[in-house]
Amino acid sequence: RRLITALASALLLMGSAAWGEPNPHTKTPFQIQEAEWQEHHDELTVAGHGQFRCTVEVFNAGNGEYLGSTIIPDKRWTLRIEGEDLELIPCRVAAQQVETEYCRYTYDEMDVQRAPVDCGPNLEQYFFWY
């Protein structure tokens, strides 16, 4: 009888996790999975994974220019930026997941695929010694 009572108590304490219901705030690794310039659409697409309902901010990694933000709808996020809204088409982008009560701060960078040769700014040019 004590064993049955102990098992029932343990199940009640574990709540919905005991029944396999997913927690929407489970720690999904934050990562940029795609950064691509699409010249024919005049559009930069940056996409990746992160925590459900967390905010992602995207920047030009070369000069820190803020490019936009989105809220992660279902552990996968995508941000599309029109070329006319860009000061420069970035060679590399940076993204951060904003820290809140339920979201942890995380950061990632990625080179932009199909970036034009005049993308920028390229930080390497500032650190070249003559």
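Begin by selecting Gln 96 and Tyr 107, where Tyr 107 of β7 is the bridge partner of Gln 96. The model under view is a predicted one. Next, extend the selection to strand β6, residues 92–97, and to β7; the two pair in the antiparallel sense over 6 bridges.

**The sheet around this pair**

Add β3 and β4 to the selection. The result is an open sheet of 4 strands in the order β4-β3-β6-β7, with antiparallel pairing. At its edges lie β4 (66–71) and β7 (106–111), each of which pairs on one side only. Viewed along the sheet, neighbouring strands are turned by 20° against each other on average, direction ignored.

**The whole chain**

Now display the entire protein chain, which has 1 helix and 7 strands. Followed from the N terminus, its elements run α-β-β-β-β-β-β-β. Colouring by burial is useful here: 34% of the 130 residues count as buried. The chain exposes about 9,000 Å², and carbon and sulfur atoms supply 54% of that area. If contacts are displayed for residues at least 6 apart in sequence, 58% of them join residues at least 24 apart.

**The disulfides**

Select the cysteines next. A disulfide is a covalent bond between the sulfur atoms of two cysteines. The structure holds 2 disulfides, and with bonded cysteines counted along the chain, their pattern is 1-3, 2-4.

Centre the view on Cys 54 and Cys 103, whose sulfur atoms are 2.0 Å apart in a disulfide. Which parts of the chain does this pair link? Cys 54 is in the loop between β2 (43–49) and β3 (55–60), whereas Cys 103 is in the loop between β6 and β7; the two are 49 residues apart. The torsion about their S-S bond is about -95°, so this disulfide is left-handed. Cys 54 is buried, with a relative accessible area of 0%. Cys 103, at 6% relative accessibility, also counts as buried.

Move then to Cys 91 and Cys 119, which a disulfide joins with an S to S distance of 2.0 Å. Here, too, distant parts of the chain are linked: Cys 91 is in the loop between β5 (76–82) and β6, and Cys 119 is in the segment after β7, 28 residues apart. With 100° about the S-S bond, the link of Cys 91 and Cys 119 is right-handed. Are these cysteines buried or exposed? Cys 91 counts as buried at 18% relative accessibility, and Cys 119 counts as buried at 18% as well; the cut-off for buried is under 20%.

**The aromatic pairs**

Finally, show the aromatic side chains. A pair of aromatic rings is described by the distance of the centres and the angle of the planes. The structure holds 2 aromatic pairs.

For one of them, select Phe 30 and Trp 77: the ring centres are 6.0 Å apart and the planes stand at 10°, so the pair is stacked. Phe 30 lies in the loop between α1 (2–14) and β1 (31–38), and Trp 77 lies in strand β5, so the pair ties together parts that are 47 residues apart in sequence. Both Phe 30 and Trp 77 are buried.

To end the tour, select Phe 59 and Tyr 66, an edge-to-face aromatic pair with 5.6 Å centre to centre and 70° between the planes. Tyr 66 counts as partly exposed, at 44% relative accessibility.

Technical notes:
Residues are numbered from 1 along each chain as its sequence is written. This is a predicted model: local features need pLDDT of at least 70, side-chain atom pairs count only at pLDDT 80 or more; totals for chains, interfaces and linings use all residues. Side-chain values use heavy atoms; hydrogens and water are left out. Two strands pair if DSSP finds at least two bridges between them. Axes are lines fitted to C-alpha atoms, for helices over the stretch in contact, and angles run from 0 to 180 degrees between N-to-C directions. Buried means under 20% relative accessible area, exposed over 50%, partly exposed in between (1.4 Å probe, protein chains only). Contact means heavy atoms within 4.5 Å. Accessible areas come from the Shrake-Rupley method with a 1.4 Å probe; for residues, only the protein chains shown count as cover. A disulfide is a pair of cysteine sulfur atoms within 2.5 Å. Rings of Phe, Tyr and Trp (its six-membered ring) pair if their centres lie within 6.5 Å; planes under 30 degrees apart count as stacked, over 60 as edge-to-face and the rest as tilted.
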